[in-house]
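The following exercises concern helix packing, the nonpolar core and backbone geometry. Each task is followed by a solution in steps.

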Amino acid sequence: MPHIKLPEGLQGIRSAMAFRPETAKPLNELAEALLHAPNSLPQGDRELIATYVSYLNDCYFCQTVHGSIAAACLNDDHELVKRVKADFQAAEISEKLKALLIIAAKVQKGGKQVTSADVEAARAQGATDMEIHDTVLIAAAFCMFNRYVDGLDTWQPRNEEMYRERGKKTAREGYVSISREYLPAQTTGVGAES
């Protein structure tokens, strides 16, 4: 049962965003820029970073929905998402992504945990400054998103298939577009599509 009266029938962050649409708009735009917009780091990799940080924070909703989006970007490879959460060093992902996940995990513990050596290791695997920046911001943003979802004790149904279908749609359409399903038209903004 949520700690405050949130709109019923909307799971996870959607209910919190529908409760306060004025703050939902910039949060969706941030997610769009970090996870869906064109970037040298593939969408699936960025979603894996969000998933891994959410896993470390034990946020069921975020790790499940973003894991489903990541899988949708990775030929529906849900097993790979599970392997990344369990032990990303042994998963079949690039060495660059492994180096970025080390940085993300350190940000999850506290930003000051990231060292110059961590950044240099990512650069040695081909990570650009923009990819390192975005990894840090994805990790920091998902600590906020996870705490937002869990701090209000939002409804988080345990229906993996529902998350998989939503993941496919979000992977295709993006966060701003999907937000039109649960936010009033005036808060999503005209021309907000990417």
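Contact here means heavy atoms within 4.5 Å. The model is predicted.

**Exercise 1.** Determine how H3 and H8 are oriented to each other, and state which residues meet.

*Solution.* Begin with the geometry: helix H3 (residues 43–56) and helix H8 (residues 129–151) pack at about 45°, and their axes are 9 Å apart. Angles from 35 to 65 degrees fall outside the roughly parallel and roughly perpendicular ranges and count as oblique; H3 and H8 are therefore oblique to each other. The crossing of H3 past H8 is right-handed. On the H3 side, the residues that meet H8 are Arg46, Ile49, Ala50, Val53 and Ser54. Their partners in H8 are Thr135, Ile138, Ala139, Phe142, Cys143 and Asn146. By class, this contact has seven nonpolar, three polar and one charged residues.

**Exercise 2.** Identify the residues with the most contacts inside the largest nonpolar core, and list the contacts of Leu101 beyond its sequence neighbours.

*Solution.* The largest nonpolar core has 52 residues. Those with the most contacts inside it are Ile49, Val84, Ile93, Leu100 and Leu101. With neighbours within four places in sequence left aside, Leu101 is in contact with Leu48, Ile49, Tyr52, Val84, Phe88 and Ile93.

**Exercise 3.** Is Asn75 buried or exposed? Classify Asp76 likewise, and give phi for each residue.

*Solution.* Asn75 is in the loop between helix H4 (60–73) and helix H5 (78–87), and Asp76 lies in the loop between H4 and H5. Most residues other than glycine have a negative phi. Phi of Asn75, however, is positive, near 55°, and that of Asp76 is positive at about 60°. Exposed means over 50% relative accessible area; Asn75, at 77% relative accessibility, therefore counts as exposed. Asp76, with a relative accessible area of 40%, is partly exposed.

Key:
Residues are numbered from 1 along each chain as its sequence is written. This is a predicted model: local features need pLDDT of at least 70, side-chain atom pairs count only at pLDDT 80 or more; totals for chains, interfaces and linings use all residues. Side-chain values use heavy atoms; hydrogens and water are left out. A nonpolar core is a set of buried Ala, Val, Leu, Ile, Met, Phe, Trp, Tyr and Cys residues joined through side-chain atoms within 4.5 Å. Buried means under 20% relative accessible area, exposed over 50%, partly exposed in between (1.4 Å probe, protein chains only). Axes are lines fitted to C-alpha atoms, for helices over the stretch in contact, and angles run from 0 to 180 degrees between N-to-C directions. Helices (H or I, at least four residues) and strands (E, at least two) are DSSP runs, numbered from the N terminus. Angles under 35 degrees count as roughly parallel, over 145 as roughly antiparallel, 65 to 115 as roughly perpendicular and the rest as oblique. A crossing is left-handed if the near helix is turned anticlockwise from the far one by less than a right angle, and right-handed if clockwise. Ala, Val, Leu, Ile, Met, Phe, Trp, Tyr, Cys and Pro count as nonpolar, Asp, Glu, Lys and Arg as charged, and the others, Gly among them, as polar.
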